[in-house]
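Dear colleague,

Please find below the structure that I am handing over to you. My findings follow it, and I would be grateful if you read them with the structure open.

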Number of protein chains: 2
Amino acid sequence: MRIGELAALAGVSTRTVRHYHHQGVLPEPPRRVNGYREYGLRDALRLARARRLTELGLSLDEVRDVLAGDSARELREILLELDADLARQEAAIRARRGRLAALLSEESPSPDDAVSPRMAEFLRCLEPVRDSPFAAADAELLALLDAAAEPDDRDRLLALMRPMTTPEALARAEVLYRRLAELDGADPADPRVGALAADFAGHLPRELAAALARAMPGADDPFFRAFVADLSPAQAEVARQAMALLAGGESS
Amino acid sequence: MRIGELAALAGVSTRTVRHYHHQGVLPEPPRRVNGYREYGLRDALRLARARRLTELGLSLDEVRDVLAGDSARELREILLELDADLARQEAAIRARRGRLAALLSEESPSPDDAVSPRMAEFLRCLEPVRDSPFAAADAELLALLDAAAEPDDRDRLLALMRPMTTPEALARAEVLYRRLAELDGADPADPRVGALAADFAGHLPRELAAALARAMPGADDPFFRAFVADLSPAQAEVARQAMALLAGGESS
DNA sequence: CGTTGACCTTGACGCGACGTCAACGTCTCT
DNA sequence: AGAGACGTTGACGTCGCGTCAAGGTCAACG
């Protein structure tokens, strides 16, 4: 038998047969005078077995060991291990499909939803104040906190932020953002800085403030530095002082 | 933020971040004077989104398109396609686990079982006559037929071979194999050749004979040639004549 | 006799999402 | 000043083959 006939018999490609030779799964048969490989029944049988085993999901290394192996004991171990692995894969796929189904049930999925559909909904509630660049930065910060957190933490975070979506809270937030905008070119030592920091700290629900303080400990936290990077000096000072108030308020 | 901080924030490796730059998933941020990349909040947010999408199973190309894409319409298409793909994978894994479970329920799985547990059982029934090399070749041939066939065909094949496992059939087979062994050095024109070929043809169940004739049409079939390759000239002649009788018997 | 076309040979690159050196520069701390 | 933890680019390895590339071999046909 030549390689093509052998391959057709086992239902694989000739490339596969040669690959198996290279990997030691199938021994190299004797050659004819012209260099062609000449196969016998035993090769076909071994190839068929190899194919079955690979279809079960065994790696070529494992197939080689099993087919060469003298102990059927090894095979059982390998199969058990493989089954456990497949079980893990199946669970992972089901989990992914579950999240996909949740996403697809949305009327209009967006990449924001991919981060967290409910957070996206929350951010839409904040639309009225989002025309301010500071509010936009805040929104990014929240979305990122959401993305970085574990699912359980995310739910808690969203619960904490719920109070901020009331009309009164939104109105207060709009005033705060306007006062922040007015500090654009101001001196960091401007007296309005301390007052605004206090008002911002007071505006946040107490437990959300605590969560923020835990997420960004200190003014040298890279997360916090990235947050204030886009702000002017006086505005950044507001953020720093507000953070200090939140951290202090928590420790007391 | 430097690359390590960004990566830790998103829960990926720095290698992954650089890979995403290379693939266009994440834009290259500005550099500091020392050449270090300097990231902002927006980068972190985008990276977090990318991570979520890849965890859902999207390829990096798809992630790039979705994050850059202006149409949420594309995303829905991609997700639907992905879900279908995952469904296929899940079904494939379940099928494999089913076969694995069947294999593992055997008391002592062997590579032969991997080809077909019931065929292995059948071959064990033939043990009494397997000390003959011809019988061994026959067994290989049958196992290979089994391996090459589709599951449905396999069941039919096994049903056809059942009559050969009775004690009387095994006793007859033993005699036939002994007569074949006696022809080892004989002339292909020996009168015993024709007689033995007729007896072999008569020994096989009629429908199994038909199946064999279909599987190996003619004496130039590579399958058949591989089968007789190990036999002496007179023995090969027995096989040829028996095949001819089977083929003729079917056509009539 | 040459040619076509189907087979065979070895060798090498490609895929996908990174992991893992290698060889080197930079920063901080002691 | 040295150590150790960061950063930089570049290139190879993973896994099971698919897919050229650049030929040699063989049977059949005109």
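**The surface near DNA strand D**

Please bear in mind that this is a predicted model. DNA strand D is surrounded by 16 residues, and the closest are Ser13(A), Asn34(A), Ser59(A), Gly4(B) and Arg37(B). Three elements give two or more residues each to this surface: helix H2 (14-23) of chain A, and helix H1 (3-10) and helix H2 (14-23) of chain B. H2(A) gives the most, with 3 residues. By class, the surface near DNA strand D has 9 polar, 4 charged and 3 nonpolar residues.

**How the two protein chains meet**

Contacts between the chains involve 54 residues of chain A and 54 residues of chain B. On the side of chain A that touches chain B, the elements that give two or more residues include helix H3 (41-56), helix H5 (72-105) and helix H8 (133-148) of chain A. H5(A) provides the largest share of that side, 18 residues. The classes on this side of chain A are 37 nonpolar, 12 charged and 5 polar residues.

How are the two chains related? A turn of 179° with a shift of 0.0 Å along the axis lays chain A on chain B with an RMSD of 0.4 Å. This is the relation of a two-fold axis. Within chain A, the C-alpha of Glu90(A) is nearest the axis, at 2.9 Å from it. Of the interface residues of chain A, 100% are also interface residues in chain B, so the copies meet through the same surface.

**One residue in chain B**

Leu82(B) is part of helix H5 (residues 72-104) of chain B. Is Leu82(B) buried or exposed? Leu82(B) has 20 other C-beta atoms within 10 Å, and a residue counts as buried at 20 or more, so Leu82(B) is buried. Leaving aside residues up to four places away in sequence, Leu82(B) touches Leu100(A), Gly57(B) and Leu58(B). The C-alpha atoms of Leu82(B) and Leu246(B) are 52 Å apart, with these positions 164 residues apart along the chain.

**One helix in chain A**

Helix H11 (residues 191-203) of chain A has 13 residues, which at 1.5 Å a residue should span 18 Å; the end C-alpha atoms are 19 Å apart, which agrees. In H11(A), the buried residues include Val193(A), Leu196(A), Ala197(A) and Phe200(A). These four cover an arc of only 105° around the axis, which puts them on the same side of H11(A).

Yours sincerely,
A colleague

Conventions: Residues numbered from 1 in each chain as written. Chains lettered and ligands numbered in written order. Predicted model: local features only at pLDDT ≥ 70, side-chain atom pairs only at ≥ 80, totals over all residues. Expected span 1.5 Å × (residues − 1). Buried ≥ 20, exposed ≤ 12 C-beta atoms within 10 Å, placed from the backbone. Arc of directions from axis to C-beta. Near = placed C-beta within 6 Å. Nonpolar A, V, L, I, M, F, W, Y, C, P; charged D, E, K, R; others polar. Contact = placed C-beta atoms within 7 Å. Least-squares fit on C-alpha atoms with pLDDT ≥ 70 in both.
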